[in-house]
Amino acid sequence: MAHLERMRTHVHLREHDLLHTETVDHCGARLGVDDSWDFQRFVQKFRVGIISMDDTTIEFDLVGLNPAIANAIRRILLAEVPTMAPDKVYLYNNTGIIQDEVLAHRIGLVPFNIDPRMFEYRESESDGSPEDTVEFELKVRCTKNPQAPKDATTPDELYRDHLVYTKHLNWVPLGSQAEIFGNKPPRPVHDDIILAKLRPGQEIDLKLHCVKGTGQVHAKFSPVATASYRLLPEIRLLRPVRDEQAERLQGCFSKGVIELDDEPDGHKVARVANARADTCSRNVFRFDDLKDAVELSRVKDHYIFSVESTGAYAPDTLVTEAIKVLMAKCQMFLDELEHVQTHD
């Protein structure tokens, strides 16, 4: 039964293939085992643990989920959590070397620190309103630096405003937006993104409108730089591995996965210290004398999520918003089922 339980809960990594990759949520798939989904059993097993988090990234564990749900969260993070991004760029003057459409495309991919929950989706034929649009303007003109040293050779010394940065984008409040945002005005996430380069006499004068959208419409609306998950690795040593073999075994894995302990008789013995850090490279199978010493597997229902926000949301808020989208989808499905049942 112990072997059967590991088949149910682990994906086993062999030299050239994987075993037991399937996930079963119905009864009768295995003789004598109840694989059916049970709510109480799910509540007892399900847990969430935040491993690390900073201003832009979060790593957390989801345990006890079906892979379809875990993948749904990942896909929603990529494509269905809304953000605010430039939609229209109105160019009044551009005498720089970068063409209008290229400049507009560069600006369109700049991430903005604007809370999309404060705005509505813009109607397709609308010109925009304070409820669905955030406006920025950019006016930069490059001039010579009259105080430049005579022996100056670099553009930073010779010119003023020869680099157009995202910090030059100035917010233009519409309606009562100035009172709503107060001392936290909309702005680009990063002030030091170069948009264009100019030389004396060249200038750029434009306005842009940021609107609410999702990544499934255009990648510029995606709120994440990366959103991925992997299964928790598990490494079992099937026999003691000592001395030279232990050192080779340690070199087969990522740093910190295998540690060497000193025994009283002076020998070194291998120990699994941190299987979580393993990348599952399977390098150990290159050595015939180590193949039988290790069992590599991954826990089927333990997902290690790594999410990096572009800046519109804090990373923990971003995950919460993705869960809300998933809950709304589930509720819509339940409403449709109820509608069908009441009309049968």
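## How the parts of this chain meet

Between domain 1 and domain 3, five residue pairs are in polar contact, counting pairs with both residues at pLDDT 80 or more. On the side of domain 1 that touches domain 3, strand S4 (57-63), strand S15 (224-237) and strand S18 (294-309) are the elements that give two or more residues. Please keep in mind as you read that this is a predicted model.

Let's step back and look at the domains themselves. The domain assignment divides the protein chain into domain 1 (1-16 + 39-81 + 223-236 + 294-339), domain 2 (84-222) and domain 3 (239-292). If you look at domain 1 and domain 3, you will find their C-alpha centres 29 Å apart. Their contact draws on 17 residues from domain 1 and 15 residues from domain 3.

How much area do domain 1 and domain 3 bury between them? The value is about 1,400 Å², with 59% of it on carbon and sulfur atoms. Three residues of domain 1 deserve a look here: Glu15, Ile235 and Val294 supply 47% of the area that domain 1 buries against domain 3, more than any other three residues. It helps to know that the size of an interface is often given as the accessible area lost when the parts come together.

Charged side chains take part in this meeting too. Three salt bridges are counted between domain 1 and domain 3. Glutamate 15 appears again in a salt bridge with lysine 291, where the closest N and O atoms are 3.1 Å apart.

Across the whole structure, a search finds 22 salt bridges. One of them joins aspartate 292 and arginine 239, with 3.3 Å between the closest N and O atoms. Aspartate 292 sits in the loop between S17 and S18, while arginine 239 sits in the loop between S15 and helix H7 (243-251), so this pair ties together parts that are 53 residues apart in sequence.

### An open sheet of four strands

Now for a sheet. Strands of a sheet pair through backbone hydrogen bonds, either parallel or antiparallel. Here, four strands in the order S5-S14-S7-S11 form an open sheet with antiparallel pairing. Why do strand S5 (83-94) and strand S11 (170-172) each have one side without a neighbour in the sheet? Both stand at the edges with a single partner strand each, so one side of each is left free of a neighbour in the sheet. From one strand to the next, the twist averages 30°.

The table lists strand pairs, including one outside this four-strand sheet.

| Strand pair | Direction | Bridges |
|---|---|---|
| S5 and S14 (residues 203-213) | antiparallel | ten bridges |
| S7 (residues 134-141) and S14 | antiparallel | eight bridges |
| S7 and S11 | antiparallel | three bridges |
| S16 (residues 258-262) and S17 (residues 268-272) | antiparallel | five bridges |

You can follow the pairing residue by residue. Leucine 91 has leucine 206 in S14 as its bridge partner. Arginine 141 stands opposite glutamate 203, again in S14, and glutamate 135 stands opposite valine 172 in S11. A helix joins the picture as well: helix H4 (residues 100-108) lies across S5 and S14, running at about 150° to S5.

### A hairpin and some backbone angles

Strands S16 and S17 form a hairpin with five residues between the strands. Within this pairing, glutamate 259 stands opposite arginine 271 in S17. Which residue of the hairpin takes a positive phi near 95°? That residue is glycine 266.

Two other residues have a positive phi without being glycines. Histidine 20 has a phi of about 60° and is placed in the loop between strand S2 (18-19) and helix H2 (39-45). Cysteine 280 also has a positive phi of about 60°, and you can find cysteine 280 in the loop between S17 and S18. Aspartate 292, from the salt bridge with arginine 239, lies in that loop between S17 and S18 too.

Definitions and conventions
Residues are numbered from 1 along each chain as its sequence is written. This is a predicted model: local features need pLDDT of at least 70, side-chain atom pairs count only at pLDDT 80 or more; totals for chains, interfaces and linings use all residues. Side-chain values use heavy atoms; hydrogens and water are left out. Two strands pair if DSSP finds at least two bridges between them. Axes are lines fitted to C-alpha atoms, for helices over the stretch in contact, and angles run from 0 to 180 degrees between N-to-C directions. Contact means heavy atoms within 4.5 Å. Domain bounds come from an automatic or database domain assignment. Buried area is the accessible area (1.4 Å probe) that two parts lose on being put together, summed over both. A salt bridge is a side-chain nitrogen of Lys or Arg within 4 Å of a carboxyl oxygen of Asp or Glu. A polar contact is a pair of N or O atoms within 3.5 Å; within protein, one must be able to donate a hydrogen and the other to accept it, and residues adjacent in sequence count only if both atoms are side-chain atoms.
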